[in-house]
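Work through the exercises below with the structure open beside you. Try each task before reading its solution.

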Amino acid sequence: MMDTLQVHGFLSQAYIVTDNNNFFGSSSDGNGSWGYTELGVNASIRPSEHLLVAAQVLSRRAGEGDDGSLRLDYGVLDWQMVNQRNRTIGAQFGRFKNPFGFYNQTRDVAFTRPSILLPQSIYFDRTRSLALAADGVSVYYEERLDNGVLRTQFGAGQAQVDDDVAYAVGLEDLPGGFEPDTSAIGQIRYEHDGGRVVVALSAASVHADYDSPGQTPGDGKLAFQPWILSAQYNAEYWSLTAEYALRDVELRGFNAFPDQHNKGESWYVQYTRRFMDDWQWMIRYDSLVNNRDDRDGSKYEASGRGPAYSQFADDVTLGLQWQPHPNLMLSGEYHNVDGTGWLPSEDNPDPNETSKRWDMWLLQMSLRF
């Protein structure tokens with residue numbers, strides 16, 4: 001059994017500069033921010049042919065939103081009930097990573113990302129706890145076909161609902177907090193011709209209860225239901241990726257405000273080009289709208305809840321990666337953003353002091369073993 005033991009880890013440190021607004025620290029004060037650090041160690045072992053035990057501990061520092069405390073990122077007992085030449089059926093018990101789009105299950109490992117920041121319209125860092133992992137059981141099925149692989153995964157349990165969710169919905173200054181309720185997530189994915197074409201459909205129904213000690217805001221409920229359609233084409237030297245999402249977000253039952261129901265929309269298109277064996281450049285357009293019935297945020301601003309531009313974000317990103325060694329990667333990135341729809345609230349407590357148009361530069365060094 002000890003021959004199957006594997007231990008791996010990673011470390012990433014970024015430096016961020018913005019001309020306006022703050023991202024992961026005081027990035028706009030002229031000195032930039034070193035407040036984005038990711039550190040993880042994972043291990044796995046096979047007690048038997050059909051059983052895998054795996055876990056990862058993660059420390060993440062991301063401005064005011066994450067202080068770097070150690071936490072269990074995932075920890076599962078993976079039991080493969082069927083493991084044949086053309087078919088695999090199994091189940092994971094414990095804390096499992098949610099199958100959400102293309103990148104969610106490995107989003108904290110810089111070597112698996114096409115850029116320093118994933119497309120924020122789909123992979124929110126401001127509310128990452130909702131999508132990251134769940135405590136429960138996940139069942140998976142894989143069928144290896146003549147010229148492709150079909151994978152499905154379905155999980156049920158309790159999502160991770162941290163303080164970032166309260167900030168995102170504007171309840172951070174009120175007494176009380178969110179507690180996770182039973183949620184479900186699933187994905188069906190097909191890879192054709194060795195991964196030349198990859199398509200996936202992800203869906204989730206995430207629920208949380210808000211427990212309040214008083215009448216303000218009172219007890220309430222949060223429901224989050226995203227649908228994500230993902231597609232990718234991989235050639236020898238380039239890849240084209242696109243994902244489109246619809247998101248239903250509902251707050252109901254609170255005394256302090258009427259029930260709210262928004263349907264958000266997100267999408268991005270991304271082109272990556274590999275060259276000189278260890279270099280890659282990337283260009284991406286990323287679009288986010290918090291409410292399809294109020295795309296420009298004018299109704300939101302008229303209600304007195306904040307600036308209109310806080311309800312959308314359009315981001316043009318240019319990125320470059322160099323991997324001079326298999327265990328070392330250096331990355332640089334530039335963002336030109338119109339809107340603050342995915343700007344971290346913890347780093348920008350007063351939305352009226354933010355700027356609609358802003359630029360961001362990032363540099364990152366990543367190590368792994």
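**Exercise 1.** In this predicted model, find which residue of β17 is the bridge partner of V17, and which is the bridge partner of Y334.

Solution. Step 1: in β17, V17 has W361 as its bridge partner. Step 2: the bridge partner of Y334 in β17 is W361. Step 3: turn to the strands. β1 (residues 6-18) pairs with β17 (residues 357-368) in the antiparallel sense, over nine bridges. β16 (residues 328-338) also pairs with β17 in the antiparallel sense, over eleven bridges.

**Exercise 2.** Decide whether R87 and E143 are buried, partly exposed or exposed, and state how far apart their closest N and O atoms are.

Solution. Step 1: the closest N and O atoms of R87 and E143 are 2.8 Å apart, and the two residues form a salt bridge. Step 2: R87 belongs to strand β5 (residues 87-97) and E143 to strand β6 (residues 133-145), so the pair links distant parts of the chain, 56 residues apart. Step 3: buried means under 20% relative accessible area. E143, at 13%, is therefore buried, whereas R87, at 29%, is partly exposed.

**Exercise 3.** Explain why K263 and D248 tie together separate parts of the sequence.

Solution. Step 1: the side chains of K263 and D248 meet in a salt bridge, 3.1 Å from N to O. Step 2: K263 lies in strand β13 (residues 260-275) and D248 in strand β12 (residues 238-252), so the pair ties together parts 15 residues apart in sequence. Step 3: D248 is buried at 17% relative accessibility, while K263 is partly exposed at 33%.

Conventions. Residues are numbered from 1 along each chain as its sequence is written. This is a predicted model: local features need pLDDT of at least 70, side-chain atom pairs count only at pLDDT 80 or more; totals for chains, interfaces and linings use all residues. Side-chain values use heavy atoms; hydrogens and water are left out. Two strands pair if DSSP finds at least two bridges between them. Helices (H or I, at least four residues) and strands (E, at least two) are DSSP runs, numbered from the N terminus. A salt bridge is a side-chain nitrogen of Lys or Arg within 4 Å of a carboxyl oxygen of Asp or Glu. Buried means under 20% relative accessible area, exposed over 50%, partly exposed in between (1.4 Å probe, protein chains only).
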